[in-house]
Amino acid sequence: MMNLFSSFDPSSIIFMIQLNWLSIFIGLFLIPSNFWIFPSRYNLMWINMIFFLHKEIKILLNKNLFKGSSLLLISIFSIILFNNFMSLFPYIFSCSSHMIFSISLSLPIWMSLMIFSWINNYNHMFAHLIPENTPFILLPLMVCIETISNIIRPLTLAIRLSANLIAGHLLLTLLGNISMLINFPLLLILIFIQLILMFLEMAVSIIQSYVFMILLTLYSSEII
């Protein structure tokens, strides 16, 4: 098991710097250029996706939409999507499967939203700790439950992203390790299964980045 999970460890180290984390910036090369006179299909596809995400954020935030909030959330979606997608390629470090990457995205945004809301809208924050029509005897318990659920939100966001990516990568690694031990007909079946899993992982990389962005949007709509 230690050898299996060691595939996620940073291994390229020069001058005490783990160079594997530079894979975060590979996604910058996938950003479409805005200097073309006639946009390519890739550029048009990306623009349409951004407009779609902006509409989704406007629907969820409704009146609480601040200037730049959709830009921030779409940027987070893009960062996670690029890193999830690039981690599917061989010899590229999967940084999005590490908790330090996912929690560094969720914790600062959650913390800034909580600080902003407690300073500017503390009445709403106190009211949010007690759901409507709660019996009087259950009020202390509901306050504790709501407080704990608020505190663990950045952790659940980070674990959800990392766990889903680790599961798919481990499954592909396990199937790849047994490819040297089976005969040719079974190897063809194994390659077909791995192709299906690869398409599934591509879908998971998109879905997880979308879920991360949507949950951040929902959390911000509740407390702002």
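Which residues of α2 are buried? I put this to the model, which is a predicted one, and found that the buried residues of α2 are Asn43, Trp46, Leu53, Ile57 and Leu61. I then looked down the axis, where they cover an arc of only 90°, which puts them on the same side of α2.

**Entry 1: the chain as a whole.** Before going further into α2, I noted the overall layout: the chain has eight helices and two strands, and from the N terminus on its elements follow the order α-β-β-α-α-α-α-α-α-α. Of the 224 residues in the chain, 35% are buried. I also looked up how far along the sequence the contacts reach, and among those between residues at least 6 apart in sequence, 72% join residues at least 24 apart.

**Entry 2: helix α2.** I checked the length of α2 against expectation: with 21 residues at 1.5 Å a residue the helix should span 30 Å, and its end C-alpha atoms are 30 Å apart, which agrees. On the face turned away from the buried side I listed the exposed residues Arg41, Met45, Asn48, Phe51, Lys55 and Ile59. The buried residues of α2, for their part, pack against α3 and α8, the latter covering residues 184–223. Just after the end of α2 I came upon Asn62, which takes a positive phi of about 55°.

**Entry 3: α2 against α3.** At what angle do the axes of α2 and α3 cross? I read off roughly 125°, with the axes of α2 (residues 41–61) and α3 (residues 69–86) coming within 10 Å. The two helices are therefore oblique to each other, and I recorded their crossing as right-handed. On the α2 side the residues that meet α3 are Trp46, Met49, Ile50, Leu53, His54, Ile57 and Leu61; on the α3 side I found Ser69, Ser70, Leu73, Ile74, Phe77, Ser78, Leu81 and Phe82. Among the α2 residues in this contact, I had already met Trp46, Leu53, Ile57 and Leu61 in the list of buried ones.

**Entry 4: α3 against α8.** I turned next to the packing of α3 with α8, where the angle is about 155° and the axes are 9 Å apart. The pair is therefore roughly antiparallel, since an angle over 145 degrees counts as such, and α3 passes α8 in a right-handed crossing. The contact is made on α3 by Leu73, Ile74, Ile76, Phe77, Ile80, Leu81, Asn84 and Phe85, and on α8 by Met202, Ser205, Ile206, Gln208, Ser209, Tyr210, Phe212, Met213, Leu216 and Thr217. Including Leu73, Ile74, Phe77 and Leu81, residues of α3 that touch α8 also appear in its contact with α2.

**Entry 5: helix α6.** I looked up α6 (residues 139–151) and noted that its 13 residues reach 18 Å from the first C-alpha to the last, close to the 18 Å expected at 1.5 Å a residue. Its buried residues are Met142, Glu146 and Asn150. Seen down the axis of α6, these fall within an arc of 70°, so they line one face of the helix. That buried set packs against α4 (99–120), α5 (122–128) and α7 (153–177), whereas the face turned away from it carries the exposed residues Pro140, Ile148 and Ile151.

**Entry 6: two partly exposed residues.** Where does Ile26 lie? I located Ile26 in the loop between β2 (17–18) and α2, and its relative accessible area of 26% makes it partly exposed. The C-alpha atom of Ile26 is separated by 7.8 Å from that of Phe82, although the two residues are 56 residues apart along the chain. With neighbours within four places in sequence left aside, I found Ile26 in contact with Met86 and Ile92.

Met198, which I looked up afterwards, belongs to helix α8 and is also partly exposed, with a relative accessible area of 28%. I followed Met198 to Leu88, which is 110 residues apart from it along the chain, and their C-alpha atoms are separated by 7.8 Å. Beyond its neighbours within four places in sequence, Met198 is in contact with Leu88 and Leu172.

Conventions: Residues are numbered from 1 along each chain as its sequence is written. This is a predicted model: local features need pLDDT of at least 70, side-chain atom pairs count only at pLDDT 80 or more; totals for chains, interfaces and linings use all residues. Side-chain values use heavy atoms; hydrogens and water are left out. Helices (H or I, at least four residues) and strands (E, at least two) are DSSP runs, numbered from the N terminus. The expected span of a helix is 1.5 Å times one less than its number of residues. Buried means under 20% relative accessible area, exposed over 50%, partly exposed in between (1.4 Å probe, protein chains only). The arc is that of the directions from the helix axis to the C-beta atoms. Contact means heavy atoms within 4.5 Å. Axes are lines fitted to C-alpha atoms, for helices over the stretch in contact, and angles run from 0 to 180 degrees between N-to-C directions. Angles under 35 degrees count as roughly parallel, over 145 as roughly antiparallel, 65 to 115 as roughly perpendicular and the rest as oblique. A crossing is left-handed if the near helix is turned anticlockwise from the far one by less than a right angle, and right-handed if clockwise.
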